Amino acid sequence: MMKKQEETRPRRVRNDILLIAVLLLVAAVGALYLFVFRGAGNTVTVTVDGQLYATYALSDTVEVDIDSGDGTNRLIIRDGKAFVETASCPDGICVAHRPIFRDGESIVCLPNRVVVTVTSREQTDAPDIVV
């Protein structure tokens, strides 16, 4: 009985290593997809406390102060990128965030309840759904 357990131990270790390698490969392919194939957005949407505050084109040059009632964030859109230059929040995580420009990227300031999101919206006046 002891010999059988000793013989299956190398097989189990080999299978564990193979499983870990496959999971790492799947994670690498997913990360590659997110960073390489996700396109640049063209619109910046700002929400305050879950309500739409403003929408700006990413191609414009904009400097705007966003007053949320709890504090103020200064949003800068320049060279096709958006970033928060200053914020009245105590932690400043939103200020330390790198500029965003890809579809789906966001900068969030929780203390001031401000969310800045890049989206890809086509500039058409047609409805999204026709019934």
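Is Arg74 buried, exposed or partly exposed? Arg74 is partly exposed, its relative accessible area being 25%. The legends below describe close-up views of a predicted model.

**Figure 1. The salt bridge between Arg74 and Glu63 in the predicted model**. The closest N and O atoms of Arg74 and Glu63 are 3.3 Å apart. The two residues belong to distant parts of the chain, with Arg74 in strand S4 and Glu63 in strand S3, and 11 residues separate them in sequence. Arg74, at a relative accessible area of 25%, is partly exposed. Glu63 has a relative accessibility of 53% and counts as exposed, because the cut-off for that class is over 50%. This pair belongs to a structure in which a complete search finds five salt bridges.

**Figure 2. The salt-bridge network of Asp49, Asp70 and Arg113**. Arg113 forms a salt bridge with Asp49, in which the closest N and O atoms lie 3.2 Å apart. Arg113 sits in the loop between strand S6 (106-109) and strand S7 (114-119), whereas Asp49 sits in the loop between strand S1 (43-48) and strand S2 (51-57); the pair therefore ties together parts that are 64 residues apart in sequence. A salt bridge also connects the side chains of Arg113 and Asp70, with an N to O distance of 2.8 Å. Asp70 is located in the loop between S3 and S4 and Arg113 in the loop between S6 and S7, so this contact ties together parts 43 residues apart in sequence. Through shared partners, the salt bridges join Asp49, Asp70 and Arg113 into one network. Arg113 is partly exposed, with a relative accessible area of 32%. Asp49 is likewise partly exposed, at 47%, and Asp70 counts as partly exposed at 47% relative accessibility.

**Figure 3. The open sheet of three strands, S3-S4-S5**. The strands are arranged in the order S3-S4-S5, and their pairing is antiparallel. Strand S3 (62-67) and strand S5 (81-87) occupy the edges; each has a single partner strand, so one side of each is left without a neighbour in the sheet. Neighbouring strands of this sheet are turned against each other by 25° on average, direction ignored. Strand S4 (residues 72-78) is joined to S5 by six bridges, and the two strands run antiparallel. Which residue of S5 is the bridge partner of Ile77? The partner of Ile77 is Ala82.

**Figure 4. Surroundings of Asp67 in strand S3**. Asp67 lies in strand S3. Residues up to four places away in sequence being left out, Asp67 touches Tyr53 and Thr72. Asp67 and Ser88 are separated by 21 residues in sequence, and their C-alpha atoms are 9.9 Å apart in space.

**Figure 5. The open sheet of four strands, S2-S1-S7-S6**. This sheet has antiparallel pairing and the strand order S2-S1-S7-S6. Its edge strands are S2 and S6, each of which pairs on one side only. From one strand to the next, the twist averages 15°. Four bridges connect S6 with S7, and these strands run antiparallel. Within this pairing, Ile107 has Val116 in S7 as its bridge partner.

**Figure 6. Thr119 and its contacts**. Thr119 is part of strand S7. Is Thr119 buried or exposed? With a relative accessibility of 17%, Thr119 counts as buried, because the class comprises values under 20%. When residues up to four places away in sequence are not counted, Thr119 touches Gly41, Asn42, Thr43, Thr45 and Asp103.

**Figure 7. A nonpolar surface patch that includes Val36**. Leu32, Tyr33, Leu34, Phe35, Val36 and Phe37 form a nonpolar patch on the surface. Together these residues have about 670 Å² of accessible area. Val36 lies in helix H1, which spans residues 2-37. Val36 counts as exposed, with a relative accessibility of 51%.

Key:
Residues are numbered from 1 along each chain as its sequence is written. This is a predicted model: local features need pLDDT of at least 70, side-chain atom pairs count only at pLDDT 80 or more; totals for chains, interfaces and linings use all residues. Side-chain values use heavy atoms; hydrogens and water are left out. Patches are made of residues with over 30% relative accessible area and no salt bridge: like charges are joined within 9 Å, nonpolar side chains (Val, Leu, Ile, Met, Phe, Trp, Tyr) within 5 Å. Accessible areas come from the Shrake-Rupley method with a 1.4 Å probe; for residues, only the protein chains shown count as cover. A salt bridge is a side-chain nitrogen of Lys or Arg within 4 Å of a carboxyl oxygen of Asp or Glu. Buried means under 20% relative accessible area, exposed over 50%, partly exposed in between (1.4 Å probe, protein chains only). Two strands pair if DSSP finds at least two bridges between them. Axes are lines fitted to C-alpha atoms, for helices over the stretch in contact, and angles run from 0 to 180 degrees between N-to-C directions. Contact means heavy atoms within 4.5 Å.
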